[in-house]
Amino acid sequence: MALILHRALNQLSGLPRRVSAAFWLQSGACAVVAWTLLHGGTAVAPAARTVADNASAGSMEATSSAPGMPAHPASAPPPSSSMQLVAPPGPAAEQPALSTTDVIVTPNDTLDHIFRRLKLNLADLASLRSLPGMRAHLDSLRPGESLHFTHKDGALFGLECRLNESQTLKVSREPSGLKADVLQNPLETRSRTVRGVIDHSLFEAVAAAGANDQTAVALADIFGWDIDFVLDVRPGDAFVLTYDQIWRDGAYLKDGPIQAAAFVNHGREFRAVRYTDPEGGSHYYTPEGRSLHKAFLRAPVDFTRVSSRFNSARWHPILNRIRAHQGVDYAAPLGTPVRAAGDGRIRFAGRKGGYGNLVEIEHSSSVMTVYGHLSRFAKETRVGTHVTQGKVIAYVGMTGLATGPHLHYEYRVNGVFKNPQTVILPGAAPIDARWRVDFLARSAPLLASLDAQPGPMLVSR
Ligand SMILES: [Zn+2]
């Protein structure tokens, strides 16, 4: 796919510093006009036209040229009065007429291809490759990577590309030839606390609070063990989050992990804090140090809807009589993977009456889980096999007494049927006793950040 980046007005960086801030607040088009004025009104800025031309041609680079462009005075808009207040030509006027081109690397692209496309001097490519440490990077370009070229008349004057999130490679032309430097762009972590109330959706509320979708997903993941974000979140539910923002060179780069969060669902508050243990593992815990994970998945399948709830007495559509429904039915497309709800041992895998193809898993703590109407079993699903939570054991089907593809799921404790949607699930292992003191010390300020009074911007640092 053609991608276009345009470094319009790049050469404006050489403008005199006397230009007022108000000038920079003008639109890009105005800046183009101003640039024209600064350079004697002889050249038209190429920005918009170059982008449009390249987009329609499907090419993947965009070039902008500074002084030296053919003059098209007739197409230059008349300068506004404010423009005439701009400072007279500065040092930029004496600079060589360099062009800049941003290239997005496509799959199977090579630097050689790119040099040929841009009609750059291949001798410069050879000297670029001969720079210490350059060859390895330049020969392993990543698709999607952005390369910023500065050139003139086919000669390379500069190349900038990002080596990783915190390092930039900068090649520049010196009198002695091309020279490469690695610039450090250290990442900075800023803590931010935001709060919001859900009106329509969690995503909207998190976005309105100023965090991104990835943070909304992370929030749902943290509390997904206690709250069903598909079915149970209601208008009026509220959240507070303290999360990291990653900044680079004074600019926001991305959201980092959530460090602490509270979510109020139907008036009931859940809290979580992230703890990285001395062995490097990061997990979320309650303020008391209990795991937010449960020993069982609430639903062992990605379902489209609950087609039948747990019910001690309901009309059975096939048997045509009142019968208890001692599990929950999760409607899902045929072949959807079914996962072991918790660690355990397979007790039964085979055909059993109205259940059709059935798997039973025996867990510790007297729990047994049951999965019915399966279309087929996973390869390693055999009696006696140990399974871990989340392992695919079978696939959704409609074997046995079923009117459509769904998983019939049961949760039994000491042989008693419990409602899988509401049963209190046992927790996973709590914070390791060795790290408890450290956990409490480090989580206290994070949890306190959730209770801080919000400022006017709902931000605390
Ligand atoms: Zn059922």
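Student: So two strands pair if DSSP finds at least two bridges between them; how many bridges do β7 and β8 share?

Tutor: β7 and β8 pair in the antiparallel sense over 11 bridges, where strands (E, at least two residues) and helices (H or I, at least four) are DSSP runs numbered from the N terminus. This is a predicted model, in which local features need pLDDT of at least 70 and side-chain atom pairs count only at pLDDT 80 or more, while totals for chains, interfaces and linings use all residues. Residues are numbered from 1 along each chain as its sequence is written.

Student: Okay, and which residue in β8 is the bridge partner of threonine 193?

Tutor: Threonine 193 has another threonine, number 242, as its bridge partner in β8.

Student: What sheet do these strands belong to, and which strands are at its edges?

Tutor: They belong to an open sheet of 5 strands with antiparallel pairing, in the order β7-β8-β9-β10-β11. Its edge strands are β7 (187-197) and β11 (282-285), each of which pairs on one side only. On average, neighbouring strands here are turned by 25° against each other, direction ignored, with axes being lines fitted to C-alpha atoms (for helices, over the stretch in contact) and angles between N-to-C directions running from 0 to 180 degrees.

Student: Which helices pack on it or lie across it?

Tutor: Helix α8 (residues 213-223) packs on the sheet, touching β8, β9, β10 and β11, and its direction makes about 35° with that of β9; contact here requires C-beta atoms, placed from the backbone, to lie within 7 Å. Helix α9 (residues 436-451) lies across β7, β8, β9 and β10, and runs at about 135° to β10.

Student: Back to the strands, what happens between β8 and β9?

Tutor: They form a hairpin with 2 residues between them, and aspartate 249 in the turn has a positive phi of about 50°. β8 (residues 238-248) and β9 (residues 251-265) pair over 10 bridges in the antiparallel sense, with phenylalanine 239 opposite phenylalanine 263 in β9.

Student: And what does phenylalanine 263 stand opposite in β10?

Tutor: Phenylalanine 263 stands opposite phenylalanine 270 there. The hairpin of β9 and β10 also has 2 residues between its strands, and histidine 266 takes a positive phi near 55°.

Student: New topic: what is the order of the open sheet of 3 strands?

Tutor: The order is β16-β22-β20, with antiparallel pairing. β16 (337-339) and β20 (376-377) stand at the edges with a single partner strand each, so one side of each is left without a neighbour in the sheet.

Student: How many bridges join β20 and β22?

Tutor: There are 2, in the antiparallel sense, with β22 covering residues 392-395, and arginine 376 has tyrosine 395 as its bridge partner in β22.

Methods:
Two strands pair if DSSP finds at least two bridges between them. Two residues are in contact if their C-beta atoms, placed from the backbone, lie within 7 Å.
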